[in-house]
Every structure is written in C-alpha cells, then in structure tokens.
Amino acid sequence: MTDTIPLTPVEIRALEAVATYQLVTAKLLQLAGAGRDLKHLRAALGKLEGHKLIHARKAAWGFGLGQSPALYMLTPKGEQALAELKGENAPGTARRRMTEGVENIRHWLGVAEWHIRLRRWAEAEGVRVDWVVTEYSPAPGLKRATQIECGTGERYTPDAIAQVMPRDGDGSPRLLVLEYYRGAAGHALKQLDGLRRASTHKTVETHFNASRAARYMVIFDTPELRDTVHRKWPDPGSEDWRPFFSKTLAELDPFNPGWALPAGDPRPLLPAA
C-alpha cells in the first residue's frame, strides 16, 4: 500500500503519532514531535486524510462556543499502511469512525497530552515505556480498555495505565495510573474513596501481576480545581495516600519533579537514577 502512497518523513511521523496517541489535534502532534511547523504539519495531515489513512472530525463544543479543532484518529487503512512500513502484521484494532461525545473528547484530549508528555520525558531521561493503555484505546465490545474487575462486584476504570522501567536500579517495572479531572470538584471528590480502595487493595498490581506498588497520578485541568479538591481531600495525612501524586495539566512540563498532595512537600514521581 505504501508503495503506491509515497509518504514524506513528516507524514510518516504524523501517521505514527496518530497511531500512538489515538485521538489528537495538530497542536498535540506538534508537541509530540511529529513536525515543527504547524502549517506544514496540517498540510501533511490533510494528505493523510485524503488518502484515508486517518480520519478527522470537528465537534461542536456547545451553544455559542464554536467548534473543536480537527480531531484525528487512525483508520484501518492507515493501520495497514503503518504495519507495512514496519514489516509487521496490522493488529486490526483501528476504529472505522469517531463517535465519541463532546465531553469525552474534551477529557480524552487531556489524557492524550499527558501521554505525550510522559513519552517525551521518558525519551529524554532514558526511561523505558513498555506500554500505555487509555480508557479510549480499542477494546472488545462495550468494555473500556482500562476496566479492571475488582473481585468484589466493583469495577475500576482509570483514564490510563502505563508501565515504565525506572532508572532506580531495582530492575522491575512500575505501573503508573492516571486519573484526570476537569469541571466541577464534586466528581473528583466522589471518586477519592474508590481510588483509595483500588490502591490499598492492590487492584491494578494484582491485575497486571506487578511486584511494585503502582503510582497514582491525579491530574487537574486547572489550579482552581486542584486547590478545591486538595482542601476537601479526606484524611490527607493518611499513609493510604502515599502512592498518590498530584499536578495540573499545565505543570506536566517538567514532568517528573514537583508532584504534591495536600499533606507533605512536593516530590518527584519517580526517583532519579
């Protein structure tokens, strides 16, 4: 297929980045390093869309709020083209269309930015990223890709889970669990008890047979939302919250230092080598 659709290096990088991050805008692809010049990058995306390797849509944000920027996802044809470039078999997981609602899209774009900043930091620091799965990653049926059965009748569905290999000399990987909050503080506050149970019961570690404790990254859309939730955080000095690390989305650069909770000083997410 790629023999009949010649692609430039920037077009290949853009196609690979759309595949990696799953739901992205041109600016997020620029952040991911797919291209330096936004105009050139948008032209490359237009060519990929014209060849039906990616598909794009705009979502109406709401009455009087205009439309979203173009949102890009990989098509099955694009997945096949990438597989040919890499000499691999296509996994057959690309979606044929984008049907998500506006609120999900707003939320998932924040998750995509976290994913990009995680990989950029890891590449710069020599931290291996084994895999990343998001709530909106392809999954069978109606099940969310990150959904975990807790064995107590409960389900835990974080926004994303990643496995990384830190440079701390331990030699075993670490799971990173993402919870991203935007909008009203009430939603985040209602979920804190469930997050605490998931952590203390080792729900994620058991599911992935991990030997090290997972780290929970609680990220907020704005400083105001973070501060409101921190003020009302239950029993903030409890040891139960030691695996939890909090920032705003804008504070992810730099990625590793400066994570905080209501109790205690800021600290790095992972120790330096």
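This is a dialogue about reading a few features of a predicted model.

Visitor: Before going into detail, what does the secondary structure of the chain come to, and what share of its residues counts as buried?

Guide: The chain, in this predicted model, comes to 8 helices and 9 strands, and 48% of its 273 residues count as buried. Contacts can also be read by their separation along the sequence: among those with a separation of 6 or more, 60% are between residues 24 or more positions apart. The exposed surface of the chain is about 13,600 Å², of which carbon and sulfur atoms supply 48%.

Visitor: How should I read the largest pocket, and which residues lie nearest its centre?

Guide: One can take the volume, then the lining, and then the elements that supply the lining. Here the largest pocket holds about 550 Å³ of space, and its lining consists of 29 residues, with Tyr156, Thr157, Glu179, Gln191 and Leu195 nearest the centre. Two or more lining residues come from each of helix H5 (102-125), strand E4 (148-149), strand E5 (155-156), strand E7 (174-181), helix H6 (185-200) and helix H7 (203-208).

Visitor: Which element gives the largest share of that lining, and how many residues of each class are there?

Guide: The largest share, 7 residues, comes from H6, while the classes divide into 8 nonpolar, 10 polar and 11 charged residues.

Visitor: Turning to a single side chain, is Gln22 buried or exposed?

Guide: Relative accessibility is the value to read, and Gln22 counts as buried because its 15% is under the 20% cut-off. Gln22 is placed in the loop between helix H1 (9-21) and helix H2 (26-31), and its side chain makes a polar contact of 3.2 Å with the side chain of Thr134 and another, also of 3.2 Å, with that of Ser137. Leaving aside residues up to four places away in sequence, Gln22 touches Ala17, Tyr72, Met73, Thr134, Tyr136, Ser137 and Pro138.

Visitor: And for the backbone, which residues have a positive phi although they are not glycines?

Guide: Phi is read residue by residue, together with the place in the chain. Lys202, in the loop between H6 and H7, has a positive phi of about 55 degrees and is partly exposed, with a relative accessible area of 36%. Asn209, in the loop between H7 and strand E8 (215-220), likewise has a positive phi of about 55 degrees, but counts as exposed at 72% relative accessibility.

Visitor: Where is the peptide bond that is cis?

Guide: Omega is the angle to read here: the bond from Asp253 to Pro254 is cis, with omega near 5 degrees, and Pro254 lies in the segment after strand E9 (244-248).

How values were computed
Residues numbered from 1 in each chain as written. Predicted model: local features only at pLDDT ≥ 70, side-chain atom pairs only at ≥ 80, totals over all residues. Heavy atoms only, no water. 1 Å grid on protein atoms, 1.4 Å probe; cavity = no way out; pocket = protein on both sides within 12 Å on 5 of 7 lines; lining within 4 Å. Points joined across faces, edges and corners; volume = space filled by probe spheres on them. Helix = DSSP H or I, 4+ residues; strand = E, 2+ residues; numbered from the N terminus. Nonpolar A, V, L, I, M, F, W, Y, C, P; charged D, E, K, R; others polar. Buried < 20%, exposed > 50% of the residue type's maximum accessible area, 1.4 Å probe, protein only. Contact = heavy atoms within 4.5 Å. Areas by Shrake-Rupley, 256 points an atom, 1.4 Å probe, with all protein chains shown as cover. Polar contact = N/O pair within 3.5 Å; in protein donor to acceptor, adjacent residues only side chain to side chain.
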